Amino acid sequence: MDYFIKDIVSILKNKIDLPEDEIKRQLEIPPDFKMGDYAFPCYSLSKALKKSPNVIASELAKTLHIRSPVVEIKATGPYLNFFLDKVIFSESVLKKMWDERERYGRNNIGADKTVVVDYSSPNIAKHLAVHHLRSALIGGAIYNIYSALGYNCVGINHLGDWGTQFGQLIVAYKKWGSEVIGKFCTVTDLNNLYVKFHQEAEKDPALEEEAREWFKRLETGDVEARKLWQNFKEASLKEFQKIYDMLGVHFDAFTGESFYNTMVEDTILEIKQKGLARLSEQALIVDLEPYNMPPCLLRKKDETTLYATRDIAAAEYRSKTYNFDKMIYVVGSEQKLHFKQVFKVLELMGYNWANYCVHVDFGLMKFKDGKMSTRKGKVVLLEDLLTEAVERIGKIIEEKNPSLENKDTVAKEVGIGAVIFADLSTKRNKDVIFNWDEVLNFEGETGPYVQYTHARLCSILRKYGKPVTADVNFKLLNEDETVVLIKSLWQFPSVILRAAESYESALICNYLIDVCGNLNRFYNTHRVLSDNEEITSARILLADATRQVIKNGLGLLGIHAPEQM
RNA sequence: GCGCCAGUAGCUCAGUUGGAUAGAGUAUCGGAUUUCUAAUCCGGUGGUCGAGGGUUCAAAUCCUUCCUGGCGCGCCA
């Protein structure tokens with residue numbers, strides 16, 4: 001908890017007619033640090049006291065008792081501005097950071113609580129493309145953020161490994177896959193077969209019927225169908241894992257839709273027993289008319305189940321298995337209605353945990369001239385994007401720091417970091433138009449900028465060469481640029497909390513940009529290393545604290561923080 | 001047609017949940033390094049916050065109508 005806020009509240013609490021919580025809620029941070037450290041707006045007192053807020057503020061400024069760490073209370077218009085003792089402030093902030101180090105920003109509010117996070121969840125037998133980035137990265141960041149708050153997280157990749165398209169793939173494989181059979185089967189092979197199937201099916205509609213039959217065989221456990229499907233899945237997972245490793249995205253389980261196949265019948269039975277299901281146009285549905293929603297389809301007229309059915313079964317399974325306190329689905333906003341329906345059905349089934357399910361939606365990624373589509377081959381493959389980013393960074397390193405060791409590793413960390421940062425820095429709910437130049441821009445508000453700032457700090461610490469100590473003269477950390485920087489470092493824990501509450505990893509990105517801006521301004525106006533040992537050791541402590549915040553922040557986003565670049 | 005989301009500088013986006021003078025980056029123009037990595041920093045140019053109406057001490061933020069774009073609306077996922 002922010003103990004400076006507590007100090008301000010305790011000065012105000014018996015002097016104005018508002019409950020403590022309300023005072024705390026109204027306290028703000030002034031737009032300019034020169035105005036003060038905290039501000040209390042006097043508008044809300046205006047009505048009761050029948051005075052203008054300006055008058056109230058200036059009266060309060062005279063009557064309130066100053067008490068450490070507050071050193072000044074000043075009225076500026078309708079605001080009552082509080083100034084903290086700079087020395088006490090920097091000392092307590094930097095000492096806390098020095099004590100906590102890599103734990104700074106962490107919290108234990110989630111101790112003994114479990115959060116299930118469902119993210120990435122691509123369809124197998126297709127390549128991962130740029131539009132798959134958002135779910136994986138946002139989900140991965142949410143996983144890291146909640147872990148940092150002490151939650152026990154379970155990351156699930158709900159693979160799209162079930163459905164009629166696998167019937168299609170089996171048909172295509174059997175008919176045209178001879179050049180592939182017996183050899184190493186890749187996602188590219190599968191993708192070609194998939195395209196081929198759709199081309200042929202236009203000429204010969206009977207193929208669709210054949211595919212439906214094969215999918216039914218798959219659902220009923222036919223050995224041949226099962227074996228082919230298993231091959232498709234293994235080939236896909238192998239390629240996916242390569243990309244996940246590059247992106248630093250981790251999963252605890254790869255339980256895809258097929259995993260719940262055996263549970264689906266029980267789920268349907270249960271929904272029926274609870275009197276929620278009925279037949280409509282030969283399909284089994286849950287009527288959601290009373291909730292102003294279209295019905296939720298459980299079973300098609302050909303008896304096969306649907307996505308929603310499997311999602312309901314999966315939710316039940318996860319509840320039983322993990323007994324979660326929260327379940328987060330990181331899935332595109334085009335599925336908003338789907339999740340509203342699924343959550344409603346779970347609620348109607350009497351599960352109170354349905355209220356702890358959240359759909360964390362995000363906007364689509366598109367090209368300037370329209371949607372991305374695997375079928376039309378209109379995609380940018382993730383692997384190509386990452387390779388390109390790494391190559392371009394490699395060239396920049398060659399040009400700016402040719403003597404750097406581990407060039408390849410650093411190029412990977414920076415190139416991939418740039419892609420991750422670019423994707424995460426836009427707030428979730430905006431649609432994103434994919435643009436090579438934007439993702440591969442390395443100047444300004446970008447990942448490399450943050451990493452570069454970190455590397456410079458590491459460089460200073462390396463040159464310093466001595467152990468860092470928190471036993472410094474804090475009075476020397478009093479310049480404007482220094483104070484602004486320390487204040488921004490102080491915000492880190494609350495930023496993580498806000499990011500968790502709103503499921504917005506972009507807040508971490510924005511915050512890091514802010515910290516780096518403050519650091520670079522500090523860096524350009526003040527020298528850290530000098531003959532003055534007293535000043536040097538104080539600034540070294542600050543440099544080290546900043547380095548630590550950047551590293552911790554990047555870690556939450558899944559981005560490496562190289563020490564040189 | 002109905003529902004959800006978005007609209008802020010030429011472009012990409014912030015805006016602390018209704019508060020102080022709407023901010024960054026990019027682009028463009030100009031400037032900063034004998035000293036810690038110039039992937040940096042400083043300054044100039046750039047705004048009817050999509051439009052109208054309403055709510056109040058105060059609206060980019062809330063309510064309403066409209067415009068534009070995106071997505072969704074029963075046998076795909």
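A polar contact is taken here as a pair of N or O atoms within 3.5 Å. In the predicted model, one such pair joins the protein to RNA strand B through K463, where an N or O atom of the side chain is 2.8 Å from a phosphate oxygen of the strand. The side chain of N520 also takes part, with an N or O atom 3.4 Å from a sugar or linking oxygen of RNA strand B. At M565 the backbone is involved instead of the side chain, and one of its N or O atoms lies 2.9 Å from a base oxygen of RNA strand B. Two or more residues each are given to the surface near the strand by β3 (79–84), β7 (283–286), α12 (307–322), α13 (336–348), α14 (382–400), α17 and α20.

Altogether, 59 residues surround RNA strand B, and Y79, E257, Y452, R456 and S459 are the closest. By residue type this surface divides into 26 nonpolar, 13 polar and 20 charged residues. On the side of the RNA, sugar or phosphate accounts for 62% of the atoms of strand B that are within 4 Å of the protein, and bases account for the rest. Among the elements of the protein, α17 makes the greatest contribution to the surface near RNA strand B, namely eight residues.

Helix α17 comprises 18 residues, 447–464, and reaches 26 Å from its first C-alpha to its last, close to the 26 Å expected at 1.5 Å a residue. Its buried residues are G447, P448, V450, Q451, T453, H454, A455, L457, C458, I460, L461 and Y464. These buried residues pack against three other helices, α15 (407–424), α20 (506–525) and α21 (533–557). Helix α20 thus appears both as a packing partner of α17 and among the elements that contribute to the surface near RNA strand B. Immediately after α17, G465 adopts a positive phi of about 75 degrees.

The segment that precedes α17 was examined at two positions. T446 lies in the loop between α16 (436–439) and α17. With a relative accessible area of 8%, T446 is buried, because its value is under the 20% cut-off. Apart from neighbours within four places in sequence, T446 is in contact with F421, N441 and I513. N435 is found in the loop between β12 (432–433) and α16. The relative accessibility of N435 is 29%, so this residue counts as partly exposed. The side chain of N435 reaches the backbone nitrogen of D437 at 2.9 Å. Between N435 and G275, which are 160 residues apart along the chain, the C-alpha separation is 50 Å.

At the level of the whole chain, chain A contains 21 helices and twelve strands. Its C-alpha trace spans about 85 × 65 × 40 Å along the principal axes. Of the 565 residues in chain A, 52% are buried. Among contacts between residues at least 6 apart in sequence, 74% join residues at least 24 apart. Chain A is divided into domain 1 (2–84) and domain 2 (114–274 + 304–366), and the C-alpha centres of these domains lie 54 Å apart.

How values were computed:
Residues numbered from 1 in each chain as written. Chains lettered and ligands numbered in written order. Predicted model: local features only at pLDDT ≥ 70, side-chain atom pairs only at ≥ 80, totals over all residues. Heavy atoms only, no water. Helix = DSSP H or I, 4+ residues; strand = E, 2+ residues; numbered from the N terminus. Expected span 1.5 Å × (residues − 1). Buried < 20%, exposed > 50% of the residue type's maximum accessible area, 1.4 Å probe, protein only. Contact = heavy atoms within 4.5 Å. Near = heavy atom within 4 Å. Polar contact = N/O pair within 3.5 Å; in protein donor to acceptor, adjacent residues only side chain to side chain. Nonpolar A, V, L, I, M, F, W, Y, C, P; charged D, E, K, R; others polar. Domains from an automatic or database assignment.
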